[in-house]
Amino acid sequence: MSWTEAGFDVLGQHVLWTDLVGNVCALGTVWLAIKKTIWTWPVQLVGSVLLFVASFSAHITGNALKQALFGILAVYGWVKWSRGTRGGAELPIRSARVRERGALVAVMIAGTVAVALLFTFLNSRGWNISWAPWPDAYIFVGSAVATWAQGKALVDFWIIWVAVDLVGVPLAFSSGLVVSGLVYGLFFVMVMIGFRDWLRQSRGLRAVTA
């Protein structure tokens with residue numbers, strides 16, 4: 001057995017170490033994001049690598065691609081937050097403007113359709129890239145949009161994560177990634193806490209600015 005398939009059995013389910021440790025990093029990423037610390041990005045980068053391996057081993061290509069994109073966006077967010085907190089400044093979080101929200105929704109809808117059609121086309125050509133093209137595409141695009149918005153320090157990224165979790169939980173369980181399914185459930189609770197805290201702080205900053 002290779003290290004990518006190493007793990008242990010719990011209640012008849014094989015739990016991959018890459019899935020377990022990767023999701024621990026993912027939970028740490030959310031907690032660090034709530035605290036608005038730049039360490040959220042390097043932890044996300046490590047978790048993305050591990051979850052990429054776990055997803056690839058489970059033949060969930062869409063999720064694996066999502067993790068690869070997470071790695072790239074982690075570097076982007078790392079750079080953006082480094083600039084935003086230069087000199088010890090407070091991270092300038094804010095709510096998205098109406099036009100920005102419209103753009104985020106439009107990208108999620110158009111991106112999901114485009115990626116789902118791509119997955120379906122590749123499946124028809126024998127690539128077997130995804131057994132569930134539409135939910136895979138939705139999670140892939142939604143996760144990318146949420147992480148990009150997080151890099152921009154937009155409060156709205158928490159709401160996008162809620163929408164992603166609603167699909168991610170059942171998909172993870174049905175794919176045999178038990179740890180991922182449980183973690184998605186914990187994500188939902190942590191995301192709501194993060195949204196509350198970020199919204200409160202953004203309103204405080206807006207009041208001070210005004």
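Where is Ala 153 found? Ala 153 sits in the loop between α5 and α6, and that spot gets a view of its own below. Keep in mind that all the views come from a predicted model.

**View 1. Helix α5 packed against helix α6.** Here we look at α5, residues 133–151, alongside α6, residues 157–174. The two pack at an angle of about 155°, and their axes are 9 Å apart. Since angles over 145 degrees count as roughly antiparallel, α5 is therefore roughly antiparallel to α6. As for handedness, the crossing of α5 and α6 is left-handed.

**View 2. Who meets whom between α5 and α6.** On the α5 side, the residues in contact include Pro 135, Tyr 138, Ile 139, Gly 142, Val 145, Ala 146 and Ala 149. Their partners in α6 include Phe 157, Ile 160, Trp 161, Val 164, Val 167, Gly 168 and Leu 171. Sorted by class, the contact of α5 with α6 has 13 nonpolar, five polar and one charged residues. Asp 136 is also among the α5 residues that meet α6.

**View 3. Helix α5 from end to end.** With 19 residues at 1.5 Å a residue, α5 should span 27 Å, and its end C-alpha atoms are indeed 27 Å apart, so the two values agree. This helix is mostly covered, too: 15 of its 19 residues are buried.

**View 4. Ala 153, just after α5.** Right after α5 ends, Ala 153 takes a positive phi of about 60°. That is a positive value in a residue other than glycine. Is Ala 153 buried or exposed? Ala 153 has a relative accessible area of 3%, so it counts as buried.

**View 5. Lys 36, in the loop between α1 and α2.** This loop follows α1 (17–34) and leads to α2, and Lys 36 has its place there. Lys 36 isn't a glycine, yet it has a positive phi of about 60°. The side chain is a lysine's, but at 16% relative accessibility Lys 36 counts as buried.

**View 6. Leu 51 and its surroundings in α2.** Leu 51 belongs to helix α2, which covers residues 40–57. Its relative accessible area is 9%, so Leu 51 is buried. Leaving aside residues up to four places away in sequence, Leu 51 touches Thr 18, Asp 19, Gly 22, Asn 23, Ala 26 and Gln 67. Also worth a look is Asn 63: it lies 12 residues from Leu 51 along the chain, and the C-alpha atoms of the pair are separated by 8.5 Å.

Key:
Residues are numbered from 1 along each chain as its sequence is written. This is a predicted model: local features need pLDDT of at least 70, side-chain atom pairs count only at pLDDT 80 or more; totals for chains, interfaces and linings use all residues. Side-chain values use heavy atoms; hydrogens and water are left out. Axes are lines fitted to C-alpha atoms, for helices over the stretch in contact, and angles run from 0 to 180 degrees between N-to-C directions. Helices (H or I, at least four residues) and strands (E, at least two) are DSSP runs, numbered from the N terminus. Angles under 35 degrees count as roughly parallel, over 145 as roughly antiparallel, 65 to 115 as roughly perpendicular and the rest as oblique. A crossing is left-handed if the near helix is turned anticlockwise from the far one by less than a right angle, and right-handed if clockwise. Contact means heavy atoms within 4.5 Å. Ala, Val, Leu, Ile, Met, Phe, Trp, Tyr, Cys and Pro count as nonpolar, Asp, Glu, Lys and Arg as charged, and the others, Gly among them, as polar. The expected span of a helix is 1.5 Å times one less than its number of residues. Buried means under 20% relative accessible area, exposed over 50%, partly exposed in between (1.4 Å probe, protein chains only).
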